[in-house]
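Trainee: Could you take me through one part of this structure closely, and then show me how the surroundings are put together? I would like a connected account that I can follow with the model open beside me.

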Amino acid sequence: MTSRHNHGNQGTSWVRVLQLNAQRSVAVSGMLRQKAHEEAIDVLCIQEPLCGFGRVQGFPISSRVITGSSGGESALGAAIIVLNEAIDVMVLHDLSDTHTVVAELSWGRHPSVYLVSMYCQFSHPITGYLTRLEAIVNALPNKRVIVCMDANAKSNLWHSGTTDGRGEALAELIFQMDLVVENVAGQPATYSHTSDTNIDVTLSTPSGSPLLSNWTVQVNWTTSDHRCITFDIGRCRQDSLAAPPSPYPRYNVRRADWEVFRTIVQEGMSSEIEGSAEDLADLTQATLTHACQRAMPTHRKHPRAVPWWTGEISEARRLAFTARKRLQRAKATDQPEQIIGAYRRIYQELRNNLTSLIRTSKRESWCRFVSEEGNKNPWGLVYKLSMGKFRKAPVFSSISSDGTVTRTWEESVTRILQALVPRDEPSTDTRSHELVRKMTRSYVSADIEPKFDLLDLEIAVEAAKLRRAPGVDGITTEVVREVYRVCGAELLHLFNACLTDGVFPNIWKLGDLKLIPKTDKPVSDARSYRPICLLPVLGKLFERLLCVRLRSRYRRMGLECDRQYGFKPERSAEEAMVHLLDVVQNKAHHYVAGIFVDFQGAFDTLWWPGILKRLIDMRCPGNLYRVVVSYLSNRKVVVRSGNHVKEWEATMGCPQGSVLGPIFWNMVMDEMLQSFREEGIECIAYADDLAIVVSGNSRLELETAAQDAMDALAGWARKLRLTISPTKTVGLMLKGKLSQSRYPTLRIEHQSIRWVRSFRYLGLILETGLGFSAQAHFIQSRLRRIVGHLYRICRTEWGLQRSTLRTLYAGTILPVVTYGAPAWFRRASMPRHRRLLDSAQRQYLLLVVRACRTVSTDALQVLAGCAPLDLEIVRAGFRYCAKHSISCDLLGISLYRVPTGVSLAEQIGITRRYIKEAELDLAMVWQRRWQETDRGRGTYLWFPVAGFSYRHTWFDPPYAATCFLTGHGFFHAKLHELGLTTTATCICGYEREDCLHVMMSCPAYAEYRAELEWQIGPINSDTLREIVASRAKFEYFIVFARHVLDLRRRLGRLMSAPANE
């Protein structure tokens, strides 16, 4: 038996596998999870797993759940669940389906094993499953394959005691494919429902069979009719398979001994040490690595106990298993049917009790976890789980391309790297490419870039962000900041030595490439992964110093183009949107079109000689040029997955995550933007998102202008070896109307581009004619999706509190709504947009307020203290206009330009005053709407001021109080209006039972009312506002409301009870 401490960083010698049909049972899945923890199970091969929303459920979030489906099926037939993080996994999707999963497993120095989980559904003919199994074995010739299957077939070949037709067909295939049956004679039966028999089978190929040992049927591990099967893979070679420690550490800086660290760093680093820049970088790296190893532990993950498992559940499980043994013994000894029936009823009762305990414990544990952790940290694990932001280690898939399919982890990663990190091929150079290469090799400059000083280094260190993933060396920003504090001069000496020698040290060029799967792409496509490169922090710090010098010189030379809005601290995507709309509105032609260009893998395929040519254009100093040349040479990336490591040479592109990559892209693209501007072609760029605006008074003029622009763009792209994607590049009519059959014909490299009626540009959805209804619909769908995610952690009696939801509203909802507001805020308050926005906001407000769903949106906004979303969009637009000195007149609010000729301090003061005045005016707009609407009048009696809840953060009414504040809920008058009751009469006989009657005059609640009046004074329509205005009075009112609600519930139960009770 393995133990958990044998796994992890030290590698694992063998893998323990458990095979079971879980019968889609909550109880079985819960017991299986507990047993896997107790018995140190590494991999689960499950048939009929518990599913919900197209996913396997009931297992730890850190486990890797592998199915043969991309999601959506309500009942998956098979799954492989990897619990041990030391095991590398790759799923073979082309061989998998809903009832079959094929995965490659590898660990330590052990050869790969292909594990198959298959469920042969009894109601389906077995021939289809046998065909699938045959295809799997044929696709993996000479491979170590182990098959765990619920065959629903009987044969003496696997000791069933009898043979049926399904068993004969499977046995014939086993002989035909030369498979080995691993079932061991003398073990308990794998299935025990009406009678004991074997229908669960473990098969292997001849090369896989020697690795499999200790095949055992485990009795009384779960309440499933199928018994658990366990076996080991690779145990026979235990002594020779231990993996070496990982060469890529991850240090825990939170538990660092900084005194020890400083001492070691001060002893190892000195500005007086002579040597080349490479030697100094190696010495610094070795010193920091030694200091980290001595002063701080590495991150280690330990298995956690099942949080909801209790002693009561263990006792209930013991009793249920004892009752099942008694029942099985009675069947085996041919006891009378009456006795067997009694034992069966006892067992079923105990099993149902166990299932109920597991369900209750899981629910209570989840509620407690959400209420405690979710309110402690609104952005913590609870939020990540509910929003689907918790990232697991990626599971690679077999990659299909050129008619072939990969079968191993290394083959798949190689295909992905070939697509995402392509290599430069000088053999394909044109004459112009050869000239550029020759120019970059022969460039020499006598100018010398001055050395850095301590101020430069301080600015660079402060700009580095904390709590970011480190590179392959494991050294974090926190570590480098500590080094700067104790050895700033030595660190500066290192960077100046690199600048003087014209060297970027090789030790800083190795990138840790993380491949993040894209959720909207097929997993078998090599481009379905997003490459994120984690670089050494010391190298990024040096990059930051170089970036400041390059950007400063680039601007001084006048090469920067103002049409690029990306990667610039003073620019934003919103400015690019506003500029685009201004260009369209200022065009005098009848037709205006936008061409939105997509570069395929722009940053991954940027040509390095093109970067160096731009450095030559700006007459880069010699030492600075040599550093960049060194930076763009001998670069490598490494892909790691457990014990697998794949190194790859990079000869093109900007590493995503680097500091110099963005400025390199801007330098190259500015050349094109500047030339387009000189030719009169309007274009706006944000990073690699390019929009070209063309116009004309006829279709022919528009087509000619657009084609000329695309031809020029294609020529520039060819010079830099960039590829324009014809399938993702689209055209959109921004002004004027043309028939869909008469759109201009545009081609890129002889391929036509599509014309669309709407397009998402920089996160803002543009429509034909610059309409924004699609943007309002998009916001509505996004907010509904967010509410759907949050609903499972927000309930009336438990979950996230109002203050937490308000925090999430400010940090999640408002950014989604107000993004791109400067481009369309003038239209946000149009009636059709307001309706869509109110509908979107309403769903979230119901979570915050916890009110009845019949309460109006106007009342919900007041109770939650959240202004209407159209006003939030207008507010964001006003802030943008004030900061950019743009005059605006909207909703009766006038915003003026900031006067020119005043000092910067005065400009800031005037801007802040304008913003504050605009926000006050918008508050008055909200107040005016609240006064004029005919909805929510019951709430208006309590809250005549719309912004009351926003200013009183303590205001958090429970459901009972909300019923009184809105007039909705259990009051007969409102229920009668909604057609939910036959009468509006109160139980006291009064003709109309509403919240005011219950609050002020109903004799049924006289006792509670008297107690409330004794505490807060007389209650009438004029004192309602005073109750909510005072925190003390409102708390007394909450007690009254809860008493009333409890009494109503008791009366309701009495009235619905049978007459004889």
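**A strand pair, its sheet and a domain contact**

Mentor: Strand β8 (residues 100-106) and strand β9 (residues 113-119) run antiparallel and are joined by six bridges. Please keep in mind, as you follow this, that the model is a predicted one. To find your place in the pair, start from Glu104, whose bridge partner in β9 is Tyr114. Stepping outwards, β8 and β9 belong to an open sheet of seven strands with mixed pairing, and the order across this sheet is β11-β14-β10-β9-β8-β7-β17. Its edges are taken by β11 (180-181) and β17 (396-397), and because each of these has a single partner strand, one side of each is left without a neighbour in the sheet.

For the wider setting, the protein chain is divided into six domains, among them domain 1 (14-234) and domain 3 (311-387). The C-alpha centres of domain 1 and domain 3 are 24 Å apart, and the contact draws on 17 residues from domain 1 and 15 residues from domain 3. Between them these two domains bury about 1300 Å², of which 53% is on carbon and sulfur atoms. On the domain 1 side, Val26, Asn220 and Thr223 supply 42% of the area buried against domain 3, which is more than any other three residues give.

As for charge and polarity, one salt bridge is found across the interface of domain 1 and domain 3; Glu38 forms a salt bridge with Arg317, with the closest N and O atoms 3.9 Å apart, a value to be read with care, because the rule accepts a pair within 4 Å. Three residue pairs in polar contact are counted between domain 1 and domain 3. Helix α1 (residues 26-38) provides six residues, the largest share of the side of domain 1 that touches domain 3, and by class that side is made up of five nonpolar, nine polar and three charged residues.

Finally, look at helix α6 (residues 311-332), where Glu315 and Arg318 lie three residues apart, about one turn of the helix. The side chains of Glu315 and Arg318 meet in a salt bridge at 2.6 Å, N to O, and in the whole structure a search finds 46 salt bridges.

Methods. Residues are numbered from 1 along each chain as its sequence is written. This is a predicted model: local features need pLDDT of at least 70, side-chain atom pairs count only at pLDDT 80 or more; totals for chains, interfaces and linings use all residues. Side-chain values use heavy atoms; hydrogens and water are left out. Domain bounds come from an automatic or database domain assignment. Contact means heavy atoms within 4.5 Å. Buried area is the accessible area (1.4 Å probe) that two parts lose on being put together, summed over both. A polar contact is a pair of N or O atoms within 3.5 Å; within protein, one must be able to donate a hydrogen and the other to accept it, and residues adjacent in sequence count only if both atoms are side-chain atoms. Helices (H or I, at least four residues) and strands (E, at least two) are DSSP runs, numbered from the N terminus. Ala, Val, Leu, Ile, Met, Phe, Trp, Tyr, Cys and Pro count as nonpolar, Asp, Glu, Lys and Arg as charged, and the others, Gly among them, as polar. Two strands pair if DSSP finds at least two bridges between them.
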